[in-house]
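Biologist: I am new to this structure. Please show me how to read its helices and what lies around them.

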Amino acid sequence: MSEPTTDAQATPNAVERQAANPAMAPNTADSADSTGTADSAAIVATNLSLSAEEGPVYGPLTFRVPSQGVTILSGKGGSGRTALALTLAGRMKPDSGSLEVLGHTKLSEIRTRVAIAGVEQVDLLDRDVTVRAVLTEHLNWSKPWWSRARRADEAYLENLAGAVFGPRSLPPLDAYISSIPGLDRHLLRMALALQPAHGQDIEMLVIDDLEQIHELADRNLLLLRVGEIAKDIPVVVNATNPIPEDLIPVAANVELDTDRSHIRPENTGATEVRNRLKKARQAADKMIHDATQKPSASEGPHHERVEQTEQAQAERED
């Protein structure tokens, strides 16, 4: 299996540049015509497949990704999904099939236009350094080698990560990467990915393994930020679990089987889970049924005592 190509860290925010200058935004009819790709598809994959010594990694896969909005690549967890994300971002070469991304077929051309975040081999942040150290490296990689080295400051942090973090507070510059929340680390990786050192505008973002953000609330916040980025460029997200429909609009959901090389047990245990859930639903239904059959509070013992008192009073009057 091909080794992923890592990215150098980078320069000004493509999302902000596109917002400031709509003429620079990708996926317009003009840009599609110039590259030969139809407006309706940012990615066209046909019989795409990859194998390793252990067997098939993914494929053959045939699918299309729209040129706007958020596309979810859904399926069971496995190394195949990460390998596919690397392939779509131009960091890994497939064994067979054809792939066209933003009108380009050469990996080198795809790689300069597509950012990828969330892949350990590509963009994992060193936990033993500060946020300032990460940004300082990013700042100086984006400058000519003869330029004087500078330290990143608050203004640079805001310029690089402000649009990605949105209303969420930016992490302190002097905080260690290990001490900031997992969501902040992921957002910072996205911000760095969107501003590569080569300085070209990023036209698409691929995010791998949404479930590595373990807390559901944080995952939903991440999706909201992804939805904002997708207003400017198409975003492809690898996810195992369904995305809440009322959280962000999803342009397409592509179901993939990318774990063919994984051993599947003859008895998965799923039947036991279904039986337990069935029993729990039956018990809940019985409780609801019994509750509806019981007399209400107004018809209980207190109501009977009132009736008895009224009857005794009527007898005395007679």
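Modeller: Start with helix 7, where helices (H or I, at least four residues) and strands (E, at least two) are DSSP runs numbered from the N terminus. The expected span is 1.5 Å times one less than the number of residues. For twelve residues in a straight helix that is 16 Å, but helix 7 spans only 14 Å between its end C-alpha atoms. Just after helix 7, Gly166 has a positive phi of about 65 degrees.

Modeller: A note on origin: this is a predicted model, in which local features need pLDDT of at least 70 and side-chain atom pairs count only at pLDDT 80 or more, while totals for chains, interfaces and linings use all residues. Residues are numbered from 1 along each chain as its sequence is written, and side-chain values use heavy atoms, with hydrogens and water left out.

Biologist: How many residues of helix 8 are buried?

Modeller: Buried means under 20% relative accessible area (1.4 Å probe, protein chains only). In helix 8, ten of the twelve residues are buried, among them Asp184, His186 and Arg189. Their cover includes strand 5, helix 6 and helix 9.

Biologist: Which element gives the most to the largest nonpolar core?

Modeller: A nonpolar core is a set of buried Ala, Val, Leu, Ile, Met, Phe, Trp, Tyr and Cys residues joined through side-chain atoms within 4.5 Å. The largest has 44 residues, and Leu135, Met190 and Leu205 have the most contacts inside it. Helix 8 gives the most, seven residues.

Biologist: What is Met190 in contact with, leaving aside neighbours within four places in sequence?

Modeller: Contact means heavy atoms within 4.5 Å. The partners of Met190 include Ala117, Val164, Leu205 and Ile229.

Note on methods
Buried < 20%, exposed > 50% of the residue type's maximum accessible area, 1.4 Å probe, protein only.
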